[in-house]
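Trainee: I would like to go through this model and test each label against its rule. Where shall we start?

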Number of protein chains: 2
Amino acid sequence: MPIELTASQALGLWHGVSLDQVRHDDRDLTLRQMAILLHIYLVPPPHTVRGLAAELNVTKPVITRALDTMGEMGLVDRVRDASDRRNVLIKRTVGGALYLEKLGDRVREQGRKL
Amino acid sequence: MPIELTASQALGLWHGVSLDQVRHDDRDLTLRQMAILLHIYLVPPPHTVRGLAAELNVTKPVITRALDTMGEMGLVDRVRDASDRRNVLIKRTVGGALYLEKLGDRVREQGRKL
DNA sequence: TGCATTCGTTACGCCTGCGTTCCATTTTCC
DNA sequence: GGAAAATGGAACGCAGGCGTAACGAATGCA
């Protein structure tokens with residue numbers, strides 16, 4: 001179900017959410033970290049470091065470090081793949097789900113304000 | 001004219017735009033820089049360093065540095081206020097307008113894909 | 001005229017993310 | 001078994017943003 005936005009609405013929405021996020025500054029994620037987090041939660045598993053790097057068009061260490069940071073924040077979790085122990089599977093957490101739930105609310109709220 | 005989004009649509013939209021932005025990585029702005037840029041272009045002038053700092057709930061040097069960076073990118077411009085020479089007025093540029101136009105297109109495109 | 005106030009900027013030390021390169025572990029293939 | 005490939009991570013130096021604390025310039029006010 002497509003959403004049709006005017007140019008003004010599109011930028012207004014992005015503005016409102018960014019502003020809200022900056023003002024309340026809970027934990028600010030890099031745009032890259034945000035993209036990684038959303039990818040993990042919105043795209044069906046499994047997710048590996050290599051796969052994410054390819055998907056986002058960034059280098060592997062970028063993913064590793066993002067997982068370090070977001071792991072400490074409790075937003076994601078890492079588990080060794082039992083069937084191929086070279087792989088690391090990225091898993092979702094309750095904290096991450098809550099974080100994205102709040103983000104979604106922010107987007108919806110700003111959408112309503114347009 | 002409010003836009004009603006489901007939770008899934010809201011996150012999907014944010015995901016798509018973030019992903020697109022990361023992948024094409026022209027120039028990546030901090031969330032703060034993004035919020036400042038959008039504020040300058042969407043809220044009626046005049047804009048001062050002090051005003052933006054208060055509006056975004058950040059310190060003054062944050063604004064100064066963001067203007068330095070985005071100024072070098074050609075996204076904003078600074079002009080001394082003639083009537084009160086302590087003030088600096090932040091001006092829009094063609095480059096900034098083009099940048100935000102692209103961002104708006106990205107948001108609209110992702111909205112259509114929902 | 002003096003002096004306090006306001007405004008934007010700069011200086012400092014710190015922290016974090018970045019790309020490149022290299023490495024240990026594990027798997028695959030012969 | 002042993003060589004080669006694949007995977008995630010660590011080490012290195014670099015660049016840039018951060019908060020705090022100062023500063024010079026401009027203004028207002030007694």
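Trainee: How do the residues of the lining of the largest pocket divide into nonpolar, polar and charged?

Mentor: This is a predicted model. In it, the lining divides into ten nonpolar, three polar and two charged residues.

Trainee: What makes A:Leu31 and B:Thr30 stand out in that lining?

Mentor: Among the 15 lining residues, A:Leu31 and B:Thr30 belong to the group nearest the pocket centre. Leu counts as nonpolar and Thr as polar. So A:Leu31 is a nonpolar residue of the lining and B:Thr30 a polar one.

Trainee: Which element gives the largest share of the lining?

Mentor: Helix 1 of chain A, with three residues. The pocket holds about 240 Å³ of space.

Trainee: How do you know that A:Lys60 makes a polar contact with DNA strand D?

Mentor: An N or O atom of the A:Lys60 side chain is 2.4 Å from a base nitrogen of the strand. The cut-off is 3.5 Å, so the pair counts as a polar contact.

Trainee: Why is the pair between B:Thr69 and a phosphate oxygen of DNA strand D called a polar contact?

Mentor: A polar side-chain atom of B:Thr69 lies 3.1 Å from that oxygen. This is within 3.5 Å, so the label holds. B:Arg85 uses a backbone N or O atom, 3.0 Å from a phosphate oxygen. That pair therefore qualifies too.

Trainee: Which helix gives the most to the surface near DNA strand D?

Mentor: Helix 4 of chain B, with four residues. The surface as a whole has five nonpolar, seven polar and nine charged residues.

Technical notes: Residues are numbered from 1 along each chain as its sequence is written. Chains are lettered from A and ligands numbered from 1 in the order in which they are written. This is a predicted model: local features need pLDDT of at least 70, side-chain atom pairs count only at pLDDT 80 or more; totals for chains, interfaces and linings use all residues. Side-chain values use heavy atoms; hydrogens and water are left out. A polar contact is a pair of N or O atoms within 3.5 Å; within protein, one must be able to donate a hydrogen and the other to accept it, and residues adjacent in sequence count only if both atoms are side-chain atoms. Helices (H or I, at least four residues) and strands (E, at least two) are DSSP runs, numbered from the N terminus. On a 1 Å grid over the protein atoms alone, a cavity is a set of points where a 1.4 Å probe fits but cannot get out, and a pocket is an open set with protein on both sides within 12 Å along at least five of seven lines; lining residues have an atom within 4 Å of a point. Grid points are joined across faces, edges and corners, and a volume is the space filled by probe spheres set on the points.
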